[in-house]
Amino acid sequence: MRTTSRLVFLITLVCITATLCVHYGGAYDNNWPHPSGEQLAENPDGWDGQQVLLFGTVTEQTTTGFVMHVEKDDGEIARVVEVRGSNADVETGGVVQVHGTLSDSGTVQTAESVVVVNEGPGDQRYKLGASVAGVLLVVGAFLRYWHIDLRRMRFVAREGGEHDG
């Protein structure tokens, strides 16, 4: 395959992927069956009595559960929700996902499920650091046996490597 053909194919593929990402981002909130932070802020009472899936930051532990802030995309608090009947092991500042029925008083009486996304505020940094370390390890292992030929736009096996068997 010629270099020009590869370049045209790559640019076309990137443009199609970018277009699909923009469409997905624009249609996501409208097609999601549960309220986003923006929808809760616009119509706080419109979701009372309905099944919801909420993501929020735990701000307080109570004897019956915890209190969390559901935020909008800009970080502003959309609604304060008290979750009762949960014994999730999460610290203040941790992020949880709660599925249950939202009552008119802003509580989820009995959460059907509570998933801890981050147990504490430092977990996000740990996940990001572990991911970066993993990517660097894989790229390093790949480049140990292969190198990039920029003139021909392809990967070429390194000479004298142990990749032959």
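# Talking through a predicted model

Student: Let's start with strand 7 and strand 8. Which residue in the turn has a positive phi?

Tutor: Keep in mind that this is a predicted model. Strand 7 and strand 8 make a hairpin, and four residues sit between them. The phi to look for is about 55 degrees, and the residue in the turn that has it is methionine 153.

Student: And how many bridges join strand 7 to strand 8?

Tutor: Strand 7 covers residues 146-149 and strand 8 covers residues 154-157. Across the pair, tryptophan 146 stands opposite alanine 157. The two strands run antiparallel, and the number of bridges joining them is four.

Student: Now the open sheet of six strands. Which strands stand at its edges, and why is one side of each left without a neighbour?

Tutor: Read the order across the sheet, 5-3-2-1-4-6, where the pairing is mixed. The strands at the edges each have a single partner strand, so one side of each has no neighbour in the sheet. Those are strand 5 (107-108) and strand 6 (113-118).

Student: Okay, strand 3 and strand 5: do they pair in the parallel or the antiparallel sense?

Tutor: In general, strands of a sheet pair through backbone hydrogen bonds, and both senses are possible. Here, valine 83 has valine 108 in strand 5 as its bridge partner. Strand 3 and strand 5 pair over two bridges, and the sense is parallel.

Student: What about strand 2 and strand 3? Which residue in strand 3 is the bridge partner of valine 67?

Tutor: These strands run antiparallel and are joined by seven bridges. They also form a hairpin with five residues between them, where glycine 75 in the turn has a positive phi of about 95 degrees. For valine 67, the bridge partner in strand 3 is glutamate 82.

Student: On the other side of strand 2 there's strand 1. What is the bridge partner of glutamine 61 in strand 2?

Tutor: Strand 1 (residues 51-61) and strand 2 (residues 65-71) run antiparallel, with four bridges between them. Glutamine 61 has a bridge partner in strand 2, and that residue is phenylalanine 66.

Student: Which residues of the largest nonpolar core touch the most other members?

Tutor: This core has 18 residues. Strand 1, strand 2, strand 3 (77-84) and strand 4 (95-101) are the elements giving two or more residues to it. Methionine 68, even with neighbours within four places in sequence left aside, is in contact with residues including Leu54, Val81 and Val98. The core members that touch the most others are Phe66, Met68, Val81 and Val98.

Student: There's a pocket too. Which element gives the largest share of the lining of the largest pocket?

Tutor: The largest pocket holds about 320 Å³ of space, and 15 residues line it. Helix 1 (3-31), helix 2 (37-42), strand 1 and strand 2 each supply at least two of the lining residues. The largest share is four residues, and it comes from strand 1.

Student: By class, how many residues of that lining are charged?

Tutor: Ser36, Gly37, Phe55, Glu71 and Asp73 lie nearest the centre of the pocket. Sorting the lining by class gives seven nonpolar and three polar residues, and the number of charged ones is five.

Student: Last one: is asparagine 87 buried or exposed?

Tutor: Asparagine 87 lies in the loop between strand 3 and strand 4. The cut-off for exposed is over 50% relative accessible area. Asparagine 87 has 75% relative accessibility, so it counts as exposed.

Technical notes. Residues are numbered from 1 along each chain as its sequence is written. This is a predicted model: local features need pLDDT of at least 70, side-chain atom pairs count only at pLDDT 80 or more; totals for chains, interfaces and linings use all residues. Side-chain values use heavy atoms; hydrogens and water are left out. Two strands pair if DSSP finds at least two bridges between them. On a 1 Å grid over the protein atoms alone, a cavity is a set of points where a 1.4 Å probe fits but cannot get out, and a pocket is an open set with protein on both sides within 12 Å along at least five of seven lines; lining residues have an atom within 4 Å of a point. Grid points are joined across faces, edges and corners, and a volume is the space filled by probe spheres set on the points. Ala, Val, Leu, Ile, Met, Phe, Trp, Tyr, Cys and Pro count as nonpolar, Asp, Glu, Lys and Arg as charged, and the others, Gly among them, as polar. A nonpolar core is a set of buried Ala, Val, Leu, Ile, Met, Phe, Trp, Tyr and Cys residues joined through side-chain atoms within 4.5 Å. Buried means under 20% relative accessible area, exposed over 50%, partly exposed in between (1.4 Å probe, protein chains only). Contact means heavy atoms within 4.5 Å.
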